[in-house]
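Here are my notes for your first look at this one. Keep the viewer open and follow the points in order.

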Amino acid sequence: MNTEHLGKHISLLYRYSQIYFNTELKKYHLGSGQYIFLLSLLENEGINQEQLASLVKIDKTTTARAVAKLMREGYVRREISPDDHRAYILHSADKAHAVAENIRLIMDDWNDTMLDGFSTADKQKMHTLLKRAIKNVLKNE
């Protein structure tokens with residue numbers, strides 16, 4: 001077994017991903033901390049902030065900050081929930097729909113960069129192994 005820790009490599013990939021996404025998303029006034037919330041909301045229209053936090057596996061405080069930024073930039077709007085007047089439901093604004101495909105293309109480009117030179121079988125194996133590792137981590141939550 002290699003004595004080098006896998007977490008070190010995951011951390012390095014994460015840091016370079018953040019740099020890449022921050023650079024590419026700057027023109028949309030988004031950062032690496034918001035795009036995952038925006039894409040998740042686009043796929044789950046009308047959820048509340050707590051559900052969004054749970055969906056992306058990020059704490060409520062960070063989610064609240066990201067949603068506030070998305071609202072300031074005109075990507076998200078919120079309405080009082082008809083079921084619970086103390087809660088808000090979130091909706092993506094037209095501006096979010098206008099940039100969604102571009103954000104997905106940026107994500108695809110990053111995947112292409114990371115997996116350059118990998119065979120199709122290696123790419124599939126990597127996805128399978130990463131999903132399995134995530135499942136293991138979530139099992140211990």
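Before we start, one term: two residues are in contact when they have heavy atoms within 4.5 Å. With that in hand, Gln 49 touches Thr 63, Ala 64, Val 67, Arg 78, Tyr 88 and Leu 90, leaving out residues up to four places away in sequence. Also keep in mind that this is a predicted model.

1. **The overall layout.** The protein chain has 6 helices and 2 strands. Starting at the N terminus, you meet them in the order α-α-α-α-β-β-α-α. The C-alpha trace spans about 55 × 35 × 25 Å along its principal axes. Of the 141 residues in the chain, 28% are buried. If you take the contacts with a separation of 6 or more, 52% of them are between residues 24 or more positions apart.

2. **Back to Gln 49.** Which helix holds Gln 49? Look at α3 and you'll find it there. Its relative accessibility is 23%, so Gln 49 counts as partly exposed; the label "buried" is kept for values under 20%. Gln 49 also shows how the chain folds back on itself in space: Ile 89 is 40 residues away along the chain, and yet the two C-alpha atoms are separated by 6.9 Å.

3. **One of its partners, Val 67.** Now hop over to helix α4, where Val 67 lies. Val 67 has 2% relative accessibility and therefore counts as buried. Setting aside residues up to four places away in sequence, Val 67 touches Gln 49, Leu 52 and Leu 90. Between the C-alpha atoms of Val 67 and Leu 38 there are 8.4 Å, with 29 residues separating the pair along the chain.

4. **A well-covered helix.** Helix α2 is mostly covered, with 7 of its 9 residues buried. The buried ones are Tyr 35, Phe 37, Leu 38, Leu 39, Ser 40, Leu 41 and Leu 42. So what covers them? The cover includes the helices α1, α3, α4 and α5, along with the strands β1 (76–80) and β2 (88–92).

5. **Phe 37 up close.** Pick out Phe 37 in α2. Its relative accessible area is 1%, which means it is buried. Beyond its neighbours within four places in sequence, Phe 37 is in contact with Leu 52, Val 56, Ile 58, Thr 62, Thr 63, Ala 66 and Leu 70. Try the distance tool on Phe 37 and Ala 66: they are 29 residues apart in sequence and 7.3 Å apart from C-alpha to C-alpha.

6. **The nonpolar core.** In soluble globular proteins, nonpolar side chains tend to be buried together. Here the largest nonpolar core has 26 residues, and the ones touching the most other members are Leu 25, Leu 30, Leu 38, Tyr 75 and Ile 103. At least two residues of this core come from each of α1, α2, α3, α4 and α5. Leu 30 is a nice one to click on: apart from residues up to four places away in sequence, it touches Leu 25, Leu 38, Leu 70, Tyr 75 and Ile 103.

7. **Helix α6, for contrast.** Is α6 covered or hardly covered? Hardly covered: of its 20 residues, the count of buried ones is 0. From first C-alpha to last, α6 reaches 29 Å, close to the 28 Å expected at 1.5 Å a residue.

8. **The largest pocket.** This pocket has a volume of about 1800 Å³. Its lining takes in 39 residues, with Ile 10, Tyr 14, Tyr 35, Leu 130 and Ile 134 lying nearest the centre. By type, the lining residues are 23 nonpolar, 9 polar and 7 charged. Helices α1, α2, α3, α5 and α6 each supply at least two of them, and α6 gives the largest share, 10 residues.

9. **Two backbone oddities to check.** His 29 has a phi near 60 degrees, a positive value in a residue other than glycine. You'll find His 29 in the loop between α1 and α2. Lys 57 is not a glycine either, and its phi is also positive, about 60 degrees. Lys 57 sits in the loop between α3 and α4.

Methods. Residues numbered from 1 in each chain as written. Predicted model: local features only at pLDDT ≥ 70, side-chain atom pairs only at ≥ 80, totals over all residues. Heavy atoms only, no water. 1 Å grid on protein atoms, 1.4 Å probe; cavity = no way out; pocket = protein on both sides within 12 Å on 5 of 7 lines; lining within 4 Å. Points joined across faces, edges and corners; volume = space filled by probe spheres on them. Helix = DSSP H or I, 4+ residues; strand = E, 2+ residues; numbered from the N terminus. Nonpolar A, V, L, I, M, F, W, Y, C, P; charged D, E, K, R; others polar. Core = buried A, V, L, I, M, F, W, Y, C linked by side-chain atoms within 4.5 Å. Buried < 20%, exposed > 50% of the residue type's maximum accessible area, 1.4 Å probe, protein only. Expected span 1.5 Å × (residues − 1).
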